[in-house]
Amino acid sequence: MRLNLVTILSALAPLAAASPLGSLGLASWDVEGFAKDNPIGATTGGKGGSTVTVDNAADLQAAAAVDGPKIIRVKGEITLPARLKISPNKSIIGVGSSAHITGKGLDVVDSTNVIIRNLKISFIEDNDCITIRNSTRVWVDHNEFTSDITKGPDFYDGQVDIIRGSDWVTVSWNYFHDHWKSSLIGNDPSFRDIDSNHLHVTYHHNYWRNMGTRGPAGRFGHQHIYNNLYVDFLYQAIHSRSDNQVLVEGNVFRGKTREALSSYGLVIPDDSPNTCTCGDEELDGYANLGARNDWGKATVNITQVGTFKKAPYKFKLTPLLLVEPVVKLGAGIGKI
Ligand SMILES: *[C@@H]1O[C@H](CO)[C@@H](O)[C@H](O)[C@H]1NC(C)=O
Ligand SMILES: *[C@@H]1O[C@H](CO)[C@@H](O)[C@H](O)[C@H]1NC(C)=O
Ligand SMILES: *[C@@H]1O[C@H](CO)[C@@H](O)[C@H](O)[C@H]1NC(C)=O
């Protein structure tokens with residue numbers, strides 16, 4: 001059964017761009033989850049603004065800084081000499097399958113209503129690929145993030161970190177690979193007052209392959225994590241700690257993935273503990289299970305179940321058997 005479905009979907013691969021999987025009814029191709037359904041309005045990015053195409057760092061920096069809505073198309077490879085600060089009401093969208101950011105990463109800081117799609121972001125120095133800080137309504141979709149996992153947890157930083165009271169974010173259809181620390185939500189156990197009641201994030205149809213930790217790791221927030229594919233996630237994939245709540249459903253874990261989901265408070269030594277090489281002890285988080293997951297050979301350690309039992313919005317759940325082929329087909333750049 002599964003082989004047949006894989007074969008059929010693979011045959012459809014060339015059609016993926018022209019005929020998105022969304023139109024096959026298997027998954028949503030448009031913004032879905034907390035970036036769409038939230039109390040302050042759907043994320044629309046630069047909609048309604050003019051479109052500009054940029055192929056160098058100076059033009060990109062200038063376009064991302066203007067007031068008012070703007071759609072910024074990024075062409076080819078750009079090495080950023082400084083972090084790209086993205087002001088409110090912007091869409092940053094890669095052209096074709098070769099838009100590539102390297103050097104410094106992207107900052108969505110004190111901002112709102114930002115869309116980042118179809119960009120490869122690789123080997124970012126000294127900081128995250130994307131930091132979303134004190135910002136609301138952000139959609140990170142169909143990007144590719146990569147570096148070199150052999151450098152360990154601290155040579156490169158996070159891929160998509162969501163911190164300091166940020167809220168209403170969706171991270172969808174991204175391809176995260178060959179990197180240690182993927183996505184951190186809440187970056188310090190002492191920021192309870194800033195972060196509590198915020199950090200609502202939806203993760204769906206992301207493909208994680210050959211990763212270390214944080215797929216994602218959350219503190220103080222709520223994350224709905226569905227239909228993601230994890231292959232060789234080496235240490236700790238979904239980790240909920242410091243009173244964080246996750247709702248985990250319809251995900252697939254494969255290969256050498258060690259721990260699919262846990263809610264104990266220990267930040268393992270293989271992550272990036274702050275105070276002791278033996279790991280940091282925090283309060284436990286909470287985890288709830290919705291639709292069935294396929295854990296493969298990975299372990300699950302839920303120490304407390306919470307109150308986040310159902311997504312507060314409508315969403316399209318891909319049938320579990322189809323998650324692996326659909327995510328492999330749809331995630332990453334050159335697909336939209
Ligand atoms: C963003 O756009 C909305 C509506 O289009 C507008 O009301 C708002 O003021 C804009 N935000 C900023 C900070 O420019
Ligand atoms: C958060 O961002 C808002 C703008 O959206 C700003 O007014 C506020 O000062 C920022 N807060 C902090 C703590 O930086
Ligand atoms: C789950 O984690 C807790 C806290 O670290 C530990 O005491 C317990 O033995 C673990 N359970 C399993 C089944 O691994």
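Visitor: Which residues lie nearest the centre of the largest pocket?

Guide: The structure is a predicted model. In this model the largest pocket holds about 250 Å³ of space. Its lining is made up of 19 residues. Those nearest the centre of the pocket are Asp157, Asp161, Leu184, Asn187 and Arg214.

Visitor: How many residues in the lining of the largest pocket are charged?

Guide: The lining of the largest pocket can be split by class. Nonpolar residues number 4 and polar residues 5. The charged residues number 10.

Visitor: What is the radius of gyration of the chain?

Guide: The chain has 4 helices and 28 strands. For 336 residues the globule rule gives 20 Å, and the value for the chain is close to that, so the chain is as compact as a globular protein of that length. Along the principal axes, the C-alpha trace spans about 50 × 50 × 40 Å. The radius of gyration is 18 Å.

Visitor: What share of the contacts with a separation of 6 or more joins residues 24 or more positions apart?

Guide: Of the 336 residues of the chain, 58% count as buried. Among contacts with a separation of 6 or more, the part due to residues 24 or more positions apart is 61%.

Visitor: What percentage of residues 50-259 is strand?

Guide: The unreviewed UniProt entry annotates residues 50-259 as "domain: Pectate lyase". The C-alpha atoms at the two ends of this stretch are 46 Å apart. Helix makes up 6% of residues 50-259, and strand makes up 54%.

Visitor: Which peptide bond is cis, with omega near -10 degrees?

Guide: Most peptide bonds are trans. An omega near -10 degrees marks a cis bond here, and the proline involved is Pro216. Pro216 sits in the loop between β18 (207-213) and β19 (217-219). The cis bond runs from Gly215 to Pro216.

Visitor: Is His142 buried or exposed?

Guide: Most residues other than glycine have a negative phi. His142 has a positive phi, near 55 degrees, and is placed in the loop between β11 (136-141) and β12 (144-146). Buried means under 20% relative accessible area. The relative accessibility of His142 is 0%, so His142 is buried.

Visitor: What is the phi of Phe220?

Guide: Phe220 belongs to the loop between β19 and β20 (222-226). Phe220 counts as buried because its relative accessibility is 5%. Although Phe220 is not a glycine, its phi is positive, at about 65 degrees.

Visitor: What separates the C-alpha atoms of Val54 and Ile72?

Guide: Val54 is in strand β1 (residues 50-54) and is buried, with a relative accessible area of 2%. Leaving out residues up to four places away in sequence, Val54 touches Asp59, Leu60, Ala63, Ile72, Arg73, Val74, Lys75 and Ile78. Val54 and Ile72 are 18 residues apart along the chain. Their C-alpha atoms are separated by 7.1 Å.

Visitor: Which residues does His100 touch, not counting those up to four places away in sequence?

Guide: His100 is placed in strand β6 (residues 100-103). With a relative accessible area of 13%, His100 is under the 20% cut-off and therefore buried. Beyond four places in sequence, His100 touches Gly76, Glu77, Ile78, Lys120 and Ser122.

Methods. Residues are numbered from 1 along each chain as its sequence is written. Chains are lettered from A and ligands numbered from 1 in the order in which they are written. This is a predicted model: local features need pLDDT of at least 70, side-chain atom pairs count only at pLDDT 80 or more; totals for chains, interfaces and linings use all residues. Side-chain values use heavy atoms; hydrogens and water are left out. Buried means under 20% relative accessible area, exposed over 50%, partly exposed in between (1.4 Å probe, protein chains only). On a 1 Å grid over the protein atoms alone, a cavity is a set of points where a 1.4 Å probe fits but cannot get out, and a pocket is an open set with protein on both sides within 12 Å along at least five of seven lines; lining residues have an atom within 4 Å of a point. Grid points are joined across faces, edges and corners, and a volume is the space filled by probe spheres set on the points. Ala, Val, Leu, Ile, Met, Phe, Trp, Tyr, Cys and Pro count as nonpolar, Asp, Glu, Lys and Arg as charged, and the others, Gly among them, as polar. UniProt positions are given in the numbering used here, feature names are shortened, and annotations may be inferred rather than shown by experiment. The radius of gyration is taken over C-alpha atoms; the globule rule is 2.2 Å times the number of residues to the power 0.38. Contact means heavy atoms within 4.5 Å.
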